[in-house]
Amino acid sequence: MAKKKKKMIKLNQAIRRFFGDEGFDEGIERVPSETLIALAHTLGVFDGTTDKAGLIKTFRRIWSEGESDNRALIVEFFHHEGKIYPNPKPKEKPHEREEKIDEFLDAFDISADERRELHAAFIDVRTRKITPEKIAAKLEHLRYVGKRETLEKALDGKLGYDDRLEFYAPIVYTLGNERFTKIQVLKTPPLNERRLHEEDIDTLTAEIALLKQTLTSQKQEQTDRFTATLDPHRYLSPGEIVSALKSAPPTASESDVPLPLSVLKRLLGETANLSEHGDDLLIETTHTIELPHTSQTIEYTAHHTLDLSRITQAVWKQEDIGIETMIAETLEEEKRLFFAELELLVSECRERSRLLALEEERLHALVMETLLPFLSGTLHISAKTSRRVLFAFDQKIAGELLRRQRQELLARTVRDFKNLFPLARSLRRKLILHIGPTNSGKTYGAFEHLRKAGTGYYLAPLRLLALEGYETLKEHGVAVSLITGEEQLIDEDATHISSTIEMLGFETEADVCVIDEVQMIGDRDRGWAWANAIIGAPAKTVIMTGSPNAREAVVALAEYLNEPLEIVEFERKNPLELLRTPTPIDAIEEGTALIAFTRANALRLKQQLSKTYRTSVIYGNLSPEVRREEARRFREGETQILVATDAISMGLNLPIKTLLFSKADKFDGQNQRFLTPGEVQQIAGRAGRYGITEKGYVGALSADVLKKIAPLFNAQPEPIRIPFNVMANFDHVMLVSNILEERSLSAIIAFFVDNMKFEGPFRAANLESMQEASAIVDRFDLDMRTKYTLATAPLSTSSPLVMASFERYVRALEQKKPIAYIPPRHLGSHALTMEELQEAEDRIKEISLYLWLSYRLGEYFIDAEKARAFRGELNRFIENSLQQSHFVPRCKMCSKPLPPQSEFSICQSCFNKLNRSKQGVREGARAPLREGTAKKRPYR
């Protein structure tokens with residue numbers, strides 16, 4: 001990886017030699033069209049077009065993709081051409097910056113020290129970015145910092161980041177005849193930031209000094225009340241009390257003063273088996289436990305970790321210590337963990353011996369026979385022990401398993417896809433399809449069936465909707481578990497499971513299964529999950545909910561499965577009206593949702609609206625937690641306007657009265673295209689929620705967008721096309737691997753796509769992302785199951801941060817090393833730039849990947865709890881950032897704010913300058929640009 005990065009840096013430096021020390025994106029614009037066409041032929045990307053703008057766009061994309069081979073070819077092309085395309089802009093003279101700084105500083109009334117600091121602060125800033133306003137802001141900051149330092153010195157304290165003054169206060173302790181003074185650390189409440197800026201030093205010093213005295217007096221009174229309760233004491237002698245108080249750290253509260261280990265041993269009645277470890281007490285006890293499915297028992301030493309703070313507080317408050325209860329709790333928890341570890345081990349052995357169909361008694365006997373020699377008196381199955389047991393287990397069943405595999409090989413080649421789900425085929429299933437537009441109650445009706453069923457599944461397209469389904473069932477008193485790729489909330493008594501659709505297990509029978517948003521079966525990337533669920537859901541009744549364009553697809557599947565299908569049609573509960581005229585952005589009302597189709601446009605609209613309205617923003621790159629919080633703020637009236645991408649089109653119930661489209665086209669992952677009728681209707685249906693508003697309204701911000709949206713609003717959506725995508729499961733992968741004796745996963749996936757044929761309306765799923773991940777894991781020495789697990793992980797291939805983390809994980813797995821989660825070094829209260837916000841969003845994706853892998857490769861991904869904790873911090877950071885109003889897009893060339901509706905990275909003025917510069921370089925080789933060229937640029 002380091003070598004590749006070094007090579008990329010050299011290529012970036014090399015290309016600058018041909019472009020007057022400018023980067024590729026700027027320099028390529030000065031290359032004549034005929035040279036660009038020759039370069040396209042050299043790279044093998046010439047498609048017949050001679051349009052210079054199109055060629056430049058193509059080369060910029062190729063360069064930005066970062067393939068070193070392509071970049072090397074481009075550099076070599078210009079090297080052989082031997083021409084230089086110089087930068088027409090004059091270079092900045094070194095002395096100009098200092099002259100400009102001095103000129104601006106002369107306008108300020110500043111001291112010599114302030115002049116030196118300001119000069120140093122701006123000496124490395126580009127001349128065109130140095131302004132009087134920036135110097136004034138920096139001067140104000142320097143004076144404010146100096147004021148804080150003066151206050152700290154005058155008040156003998158330290159102002160923290162939260163504007164609270166921390167200071168030392170002498171506190172007198174009186175215990176009988178014993179009297180001594182201790183220094184305590186106290187903090188004031190947060191000081192008023194505006195007053196810290198504006199009030200004079202003397203006034204602030206006097207007020208805060210008085211506040212210190214008050215806080216010191218209050219602390220003294222609190223201490224006096226505390227010491228009055230200590231004579232006599234239920235547990236401690238006067239000497240022990242005085243000794244503990246004198247040695248307590250300055251920050252310790254009265255009820256949490258540390259006690260020596262000797263005192264704790266006396267109080268707890270433990271001597272040899274009690275030890276202190278950080279904030280915990282460790283106690284060892286010996287117990288016997290009976291193993292499941294066998295008559296065997298094992299004796300083990302239990303290690304109890306007790307909360308030292310809890311015990312200390314109980315002692316000082318003279319409450320019952322309750323160590324027996326704490327030991328019982330930890331003992332029960334240790335047993336629970338052991339049985340969970342044992343069940344995981346047994347489950348893995350069961351999976352490895354699945355073809356043998358072992359009875360539970362024999363399976364457990366084989367597992368315990370291999371496990372007991374490794375336990376050594378402890379009740380913990382470590383990752384190392386688990387690997388040893390699995391290796392020994394594999395050795396025991398190897399011969400029998402090989403014979404069974406050979407017997408089953410032909411049976412596994414059956415290509416009738418429905419037979420890959422034997423439990424579903426054994427049930428006499430009934431299929432029900434709830435179809436209708438949004439806000440028609442189809443999902444509500446399905447949930448009514450689900451919550452009344454004895455057992456059931458709810459399968460959602462998004463983690464956010466799975467969580468909502470989980471909470472809805474819990475609110476109705478249903479015992480339910482939540483299972484998603486990165487989160488599991490397991491209720492041992494659960495009768496229902498709410499999960500994302502990819503997490504459906506096909507081995508446990510249920511009464512009812514609800515499959516939400518069934519029209520997603522036509523999705524290019526995820527449709528396979530809906531096809532698998534409809535075919536393989538192990539439920540007696542399968543209820544599907546979706547839009548009317550899913551009818552033909554579900555009917556075709558029911559005919560293929562030869563299962564009865566009932567179709568229930570729903571009508572929208574309140575009307576939805578299309579506005580006849582556009583609604584300008586300065587005329588929108590509260591309760592309006594504006595729809596953008598990119599993150600950048602959503603943030604730009606939020607920035608524009610935040611000057612007038614409290615605004616929520618939702619887009620797909622946000623984590624489910626942040627999307628949910630933003631939706632809650634809008635739902636509960638904390639914000640007045642919602643700006644969202646089409647991420648709100650599925651399932652989010654929001655009090656939207658009017659929904660306005662800002663654009664009528666979107667990028668679908670491959671192409672920039674206009675919206676379809678189904679997409680317009682699905683998004684528009686979010687307006688006018690039943691029970692909240694009597695009618696919903698749909699419109700657009702501009703006349704041209706409204707003109708495109710209007711016919712789509714009433715058009716008939718195109719039915720979902722057949723065949724359906726299905727995913728290569730691990731059995732398919734191993735089948736191909738065994739028959740072809742192939743160990744390259746990427747080669748197996750390629751073979752699967754090209755050659756696997758199915759009976760019924762199916763085809764191999766679109767597996768580009770899986771193939772990309774397979775190419776990475778194939779570089780490492782891993783077993784096929786681990787490779788497959790990694791290749792099916794939720795990778796965000798567009799994020800360098802996520803891909804770098806993925807490669808680190810794969811490398812560690814090859815070395816069988818534990819994989820720690822590495823958190824960001826520093827988070828402020830909110831993002832200061834859009835780049836910082838993007839990085840935080842990417843780090844959420846990194847955590848999602850880590851947690852997803854931790855549920856499947858838990859013995860290596862050891863920091864799941866730490867990752868969850870930082871996900872909470874990152875979510876708060878993103879949420880705080882979205883509530884700021886400083887994400888102002890600026891021109892990359894002159895740093896001027898871009899217009900609110902601008903979709904480009906430079907301003908019109910700079911674009912015109914570039915055009916004039918290009919015309920000068922061409923020296924009349926081409927005709928002048930036609931009027932309007934500056935505005936009519938292709939999609940990016």
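By how many helical turns are R843 and E839 separated in helix 31? In this predicted model, the two residues lie 4 residues apart in helix 31, which spans residues 834–854, and this spacing corresponds to about one helical turn. R843 and E839 form a salt bridge, with 3.4 Å between the closest N and O atoms. The partners differ in their burial class: R843 has a relative accessible area of 16% and is buried, whereas E839, at 38%, is partly exposed.

R843 also takes part in a salt bridge with E846, where the closest N and O atoms are 3.5 Å apart. E846 and R843 are 3 residues apart in helix 31, again a separation of about one helical turn. Both E846 and R843 are buried. R843 is thus bridged to E839 and to E846.

Another pair joins two helices. The side chains of R143 and E114 meet in a salt bridge with an N to O distance of 2.9 Å. This pair links distant parts of the chain, since R143 belongs to helix 8 (residues 132–155) and E114 to helix 7 (residues 112–122), with their positions 29 residues apart. R143 counts as partly exposed because its relative accessibility is 39%. E114, with a relative accessibility of 17%, counts as buried because this value is under 20%.

Salt bridges also occur as a network, which links E629, E630, R632, R633, E636 and E638. In total, the structure holds 51 salt bridges.

Definitions and conventions:
Residues are numbered from 1 along each chain as its sequence is written. This is a predicted model: local features need pLDDT of at least 70, side-chain atom pairs count only at pLDDT 80 or more; totals for chains, interfaces and linings use all residues. Side-chain values use heavy atoms; hydrogens and water are left out. A salt bridge is a side-chain nitrogen of Lys or Arg within 4 Å of a carboxyl oxygen of Asp or Glu. Buried means under 20% relative accessible area, exposed over 50%, partly exposed in between (1.4 Å probe, protein chains only).
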